[in-house]
Amino acid sequence: MKKYNIIVVGAGHAGCEAALAAARMGCSVLLVAIDLDKVAAMPCSPSIGGMAKGQLVKEIDALGGEMARVTDQTAIQYRTLNTKKGPAVHSSRTQNDKNKYHRIMKSVIEKQPNLDLKQALVKKLIVEGTKISGLEDNTGFQYVADAVVLATGTFLSGLVHIGFSAIKAGRAGEFASYSLPKHLKELGFELGRMKTGTPPRLKKSSIDFSAFTEQGSECDPKPFSFFTEKITMPQLPSYIGHTNLNSHKIVRDNLKRSALHGGMIKGIAARYCPSFEDKIVRFPDRDRHQVIMEPEGLDTDEIYASGLGNSLPLEVQIQFVRSVKGLEQSEIMRPAYAIEYDFVNPLQLKPTLETKKVQGLYLAGQINGTSGYEEAGAQGLWAGINAASKIQGRPDFLLDRSQAYIGVMIDDLVTRGTKEPYRMFTSRAEYRLMLREDNADLRLMELGNELGLIDNETLKDVKSRKKQIDAEISRIKGIIVKPVREVNEYLENKKTKPISNGIHLDQMLKRFELSYDFVDAFARSPEEIQPTAAKQVEIEIKYEGYIKRQLQEIDKYKSLEKMKLPEEFDYNSVHGLSNELKEKLTNIKPVSLGQASRIEGITPAAISVLMIALKVHQSNK
């Protein structure tokens with residue numbers, strides 16, 4: 001029997017990133033999935049990125065993950081969100097050919113050295129004492145490994161709801177896993193129940209698109225991946241429309257027949273991505289809601305009806321969908337449905353995503369209570385890297401909240417847990433001005449290189465660009481712009497105030513109306529500046545004051561992060577803490593005073609008490 005270093009269970013976005021990262025780091029890896037025809041499937045929106053999610057994908061890419069590369073090979077529409085706001089919240093989003101995404105990711109996995117892909121339904125884990133040693137599938141066959149990553153998505157006790165019809169499934173038409181969640185409970189894990197859903201798919205030829213507003217791709221789309229040189233996929237538009245009062249009446253009259261509002265669903269739904277029934281209940285005064293018709297690919301007639309997600313009976317869904325202007329004759333190819341599934345409370349995880357109860361067992365993706373392909377992919381990469389690092393005797397791979405959105409997400413999950421499907425938002429990142437999409441490569445590629453996931457030539461280019469950026473900023477700060485006629489004419493054309501005295505070029509560049517083009521026009525660099533470097537120069541100068549303040553905040557944050565709390569620290573012996581806080585600290589086992597400070601209910605006074613107790617503990621050692 002072949003023994004693997006790592007087995008990854010589940011070939012969704014988390015499983016794919018985990019398996020590829022570990023294999024590329026030199027581990028022998030087995031990736032198992034219930035259905036190999038669903039590798040990297042897009043069961044909900046056929047899109048990648050979005051607000052804050054785009055940052056996650058860029059970070060996956062900068063660390064050596066695969067998601068952004070496959071995205072660029074399959075994207076049929078590119079858009080940058082929040083462009084009217086500052087660069088801290090700019091986020092890329094693509095519409096993708098879902099079948100092509102699956103095919104390309106599966107091909108990447110099949111061609112990856114050190115990685116085997118097999119079809120199997122996992123029944124239980126094999127645990128010796130407190131350490132993982134493999135798993136057993138539903139045929140009784142056993143696979144042996146030193147570490148296991150569970151990336152099971154919505155398949156644990158999955159239940160699909162269409163009205164009062166409930167079907168055991170991990171996704172519509174796919175087997176669910178009922179033995180594995182039962183086994184996890186037997187091992188002592190605390191499981192909860194969550195709910196998500198997906199809207200109907202409509203037949204393209206049955207839609208009157210003239211009733212919708214067309215929204216095309218950006219004219220000059222920028223690739224998602226730092227490694228993509230050119231976008232070659234044809235670009236398709238989406239179409240924006242709205243529901244109406246009749247649509248709302250149909251849903252309101254049938255709320256009791258909805259699985260969600262009829263009492264069939266016990267799982268917790270996400271507030272930020274409500275089903276249409278929830279919209280009607282929560283926003284009763286709204287007379288319309290936006291819907292978007294999004295193509296699912298180049299060679300399919302299926303249209304993803306974003307905004308029409310529900311758990312109503314099919315006959316009601318037909319009435320509801322056809323009440324929307326432009327959809328009067330539409331045909332539902334796949335009905336909307338809700339799905340509820342088991343997840344593991346992420347407070348039972350270490351910051352590496354290894355479980356506290358079983359050594360060598362890692363969890364990634366929706367099993368941790370998150371939602372979204374991007375959140376899943378980021379966790380998969382993190383778990384795969386850490387599983388490989390443990391086997392190879394490397395240090396744990398950890399990013400803190402000041403280094404990456406991924407670090408923010410992991411810290412949120414293992415420190416605070418989640419009571420609803422967790423989604424990444426820019427507002428969750430305190431230092432988001434430093435964690436922009438545009439600088440993910442500058443922030444993280446050196447770390448990716450240390451792991452063996454980013455090649456030396458790429459790192460050389462990144463370092464060269466960093467050097468060029470620093471030198472150009474220094475050069476610009478030493479130049480004074482004089483109030484000559486050509487300069488003032490340029491400023492008037494840009495609708496910004498002319499100058500009457502000499503002004504430092506960096507102060508001019510801080511003006512909202514001016515970009516790096518102003519530098520090129522009146523103080524061009526003697527050496528050619530790469531466009532990506534020029535953009536960094538502009539941002540660094542324009543937001544210099546904000547960046548300095550955020551760096552000061554990061555210094556304060558890191559001072560608490562440096563104060564490590566030993567795993568064996570006895571919180572019950574600390575005087576001055578309530579029993580509730582002692583219990584939380586004992587269960588979570590924070591790795592630092594910084595992490596402890598973010599636990600729900602922890603006050604500055606409690607941190608002071610912990611700081612004193614830590615000093616006493618260290619002096620007694």
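Analyst: A nonpolar core is a set of buried Ala, Val, Leu, Ile, Met, Phe, Trp, Tyr and Cys residues joined through side-chain atoms within 4.5 Å. Buried means under 20% relative accessible area, exposed over 50%, and partly exposed in between (1.4 Å probe, protein chains only). This is a predicted model, in which local features need pLDDT of at least 70 and side-chain atom pairs count only at pLDDT 80 or more, while totals for chains, interfaces and linings use all residues. Residues are numbered from 1 along each chain as its sequence is written, and side-chain values use heavy atoms, with hydrogens and water left out.

User: Which residues have the most contacts inside the largest nonpolar core?

Analyst: They are I6 and L150, in a core of 120 residues. Helix α9 gives the most to this core, with 9 residues. Another core lies apart from it and has 21 residues, including L255, I303, L308 and V321.

User: What does I6 touch?

Analyst: Contact means heavy atoms within 4.5 Å. Leaving aside neighbours within four places in sequence, the partners of I6 include A22, V29, L30, A145, V149, A387 and I391.

User: What makes α9 and α10 roughly perpendicular?

Analyst: Helices are DSSP runs (H or I, at least four residues), as strands are (E, at least two), numbered from the N terminus. Axes are lines fitted to C-alpha atoms, for helices over the stretch in contact, and angles run from 0 to 180 degrees between N-to-C directions. Helix α9 (residues 373–392) packs against α10 (residues 405–416) at about 85°, with the axes 10 Å apart. Angles of 65 to 115 degrees count as roughly perpendicular, under 35 as roughly parallel, over 145 as roughly antiparallel and the rest as oblique. The label therefore fits α9 and α10.

User: Which residues make that contact?

Analyst: From α9 come E375, A378, Q379 and W382, and from α10 come I406, G407, M409, I410 and L413.

User: How do you know that helix α2 is largely enclosed?

Analyst: The helix covers residues 53–62, and 10 of its 10 residues are buried, so the rest of the structure largely encloses it. Among the buried residues are K53, K58, E59 and D61. After α2 comes G64, with a positive phi near 105°.

User: Why is S157 called buried?

Analyst: Its relative accessibility is 11%, which means that S157 falls in the buried class. S157 sits in the loop between β9 (142–150) and β10 (159–162). Apart from neighbours within four places in sequence, it is in contact with S177, Y178, P181, R193, E340, Y341 and D342.

User: Why is Q392, in helix α9, called partly exposed?

Analyst: Its relative accessible area is 32%, so Q392 belongs to the class in between. Not counting residues up to four places away in sequence, Q392 touches M25, G26 and C27.

User: How many disulfides does the structure hold?

Analyst: A disulfide is a pair of cysteine sulfur atoms within 2.5 Å, and the structure holds 0. C44 is in none, as the nearest cysteine sulfur, that of C273, is 6.7 Å away. C44 has 25% relative accessibility, so it is partly exposed. C219 has 87%, so it is exposed.

User: What stands out about the phi of N114?

Analyst: Most residues other than glycine have a negative phi, and most peptide bonds are trans. N114 is not a glycine, yet its phi is positive, about 75°. N114 is in the loop between α4 (98–111) and β6 (115–119), and its relative accessible area of 42% makes it partly exposed.
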